[in-house]
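Please open the model in your viewer and keep the sequence panel beside it. The stops below say what to select next and what is to be found there.

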Amino acid sequence: MKTIEVQNVGALPYAMEEAVNRLRINIGFLGNDIRKIMIISTFPDEGKSTIAVNLWRQMSEAGTKSLLLDVDMRKSVFKREHLPEASEKDGFKGTSDYLAGNADIDDAVCHTQFESGDIMMNAENVVNPSILLDSERFTEMLDYFSRNYRYTFVDVPPLDLVSDGERIGSQCDGAILVIRAGVTPTGAVKATIAQLERAGCPVLGVVLNRVENSKRGYYSGHSHYGSYYGGSYYYGQKIN
Ligand SMILES: Nc1ncnc2c1ncn2[C@@H]1O[C@H](COP(=O)(O)OP(=O)(O)O)[C@@H](O)[C@H]1O
Ligand SMILES: [Mg+2]
């Protein structure tokens, strides 16, 4: 297994770091059966990857063996944003390569600068990942990670256009739903929660991301989501 240095991770503003920290602690109370956690949202740009990478980083820093698994095989930007040098190295393999049978697990998983943190990112984007997600190899991969890591944080495409999230969620132990405060309509949030539950993927918690003062209260009439689904709201403040 190679070791690589993940760039642009951490150094969050204090309030955001604290919000991710609370999320990490709460995940620790979900019990031993919750191991594979999908980070999902309704639309693009709600903050899934930001939450996933920082949750993984904090969990790893706390000494809990964790894997960050990038299953956004359509439009992954992870490599560009966090591993800018990896693309230039010959033979760099990732999620789609592994699922297509073109790489072994040890070629596709990398150890990182965090002692307890490994990652498997998507190196090659593909047009139609559904076949890969339906394959036996995908199930076997998740089982392998479940046995070898205390937590696998699964970063996925948004739910709005494609059914990848449903497919992936049906094989995870639960999901953390990221909502961009004041932007994602409540109807869309409800539909997403229903979609995940139909797929057999319980919503473990909700992250209300990018809360700005003027938008506070946007979801106040719907705060029952939090308690009804056993989750909590986490308030991420605006970065910068
Ligand atoms: N709380 C936040 N405050 C400010 N910018 C944020 C916040 N969360 C995410 N972003 C930015 O928004 C953009 C989209 O976030 P990203 O995590 O890539 O979303 P997704 O994975 O849901 O598409 C990124 O440029 C990211 O840095
Ligand atoms: Mg993303």
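Helices (H or I, at least four residues) and strands (E, at least two) are taken here as DSSP runs, numbered from the N terminus. With that convention, select helix H2, residues 48-61, and then step past its end to Gly 63, which follows H2 and has a positive phi, near 90°.

Before going further, note that residues are numbered from 1 along each chain as its sequence is written, while chains are lettered from A and ligands numbered from 1 in the order in which they are written. This is a predicted model, in which local features need pLDDT of at least 70 and side-chain atom pairs count only at pLDDT 80 or more, whereas totals for chains, interfaces and linings use all residues.

**The whole chain**

Colour the chain by pLDDT, the predictor's confidence in each residue, from 0 to 100. The mean pLDDT of the chain is 87, and 86% of its residues reach 70 or more. Over residues 221-240, however, the pLDDT is below 50, although this stretch has 41 contacts in the model beyond near neighbours in sequence; two residues count as in contact if their C-beta atoms, placed from the backbone, lie within 7 Å. Where pLDDT is low, the predicted coordinates should not be read in detail.

Switching to a cartoon view, you will find 10 helices and eight strands. Among contacts between residues at least 6 apart in sequence, 84% join residues at least 24 apart. Buried residues make up 48% of the 240 residues in the chain, where a residue is buried if 20 or more other C-beta atoms lie within 10 Å of its own, exposed if 12 or fewer, and partly exposed in between, with C-beta atoms placed from the backbone.

**The start of the chain and H1**

Select Lys 2, in the segment before helix H1 (14-28). Lys 2 is partly exposed, because 14 other C-beta atoms lie within 10 Å. Add Thr 112 to the selection: the C-alpha atoms of Lys 2 and Thr 112 are separated by 8.4 Å, although the two are 110 residues apart along the chain.

Now select H1, whose 15 residues reach 21 Å from the first C-alpha to the last, close to the 21 Å expected at 1.5 Å a residue; the expected span of a helix is 1.5 Å times one less than its number of residues. Its buried residues are Met 16, Ala 19, Val 20, Leu 23, Arg 24 and Ile 27. Looking down the axis of H1, you will see these buried residues fall within an arc of 140°, so they line one face of the helix; the arc is that of the directions from the helix axis to the C-beta atoms. The face turned away from this buried side carries the exposed residues Tyr 14, Arg 22 and Ile 25.

Return to H2 for a contrast in setting: 13 of its 14 residues are buried, so H2 is largely enclosed by the rest of the structure.

**Across the paired strands**

Two strands are said to pair if DSSP finds at least two bridges between them. Select strand E3 (residues 110-111) with E4, which run antiparallel and are joined by two bridges, forming a hairpin with five residues between them. Within this hairpin, the bridge partner of Cys 110 is Ile 119 in E4.

Add strand E2 (residues 66-70), which is joined to E4 by four bridges in the parallel sense. Centre on Leu 69, which stands opposite Met 120 in E4 and has Val 154 as its bridge partner in E5. E2 and E5 pair in the parallel sense over five bridges.

Select E5 (residues 151-155) next: five of its five residues are buried, so this strand is largely enclosed by the rest of the structure. Strand E1 (residues 36-41) runs parallel to E5, with four bridges joining them, and also pairs with strand E6 (residues 174-180) in the parallel sense over five bridges. Ile 39 stands opposite Asp 155 in E5, and its bridge partner in E6 is Ile 176.

**The nonpolar core**

Which residues touch the most other members of the largest nonpolar core? Of its 66 residues, they are Ile 37, Met 38, Ile 39, Phe 153, Val 154, Ala 175 and Leu 177, a nonpolar core being a set of buried Ala, Val, Leu, Ile, Met, Phe, Trp, Tyr and Cys residues joined through C-beta atoms within 7 Å. Finish at Ile 37, whose contacts include Tyr 151, Phe 153, Cys 172 and Leu 204.

Conventions
Lists of a residue's contacts leave out its neighbours within four places in sequence.
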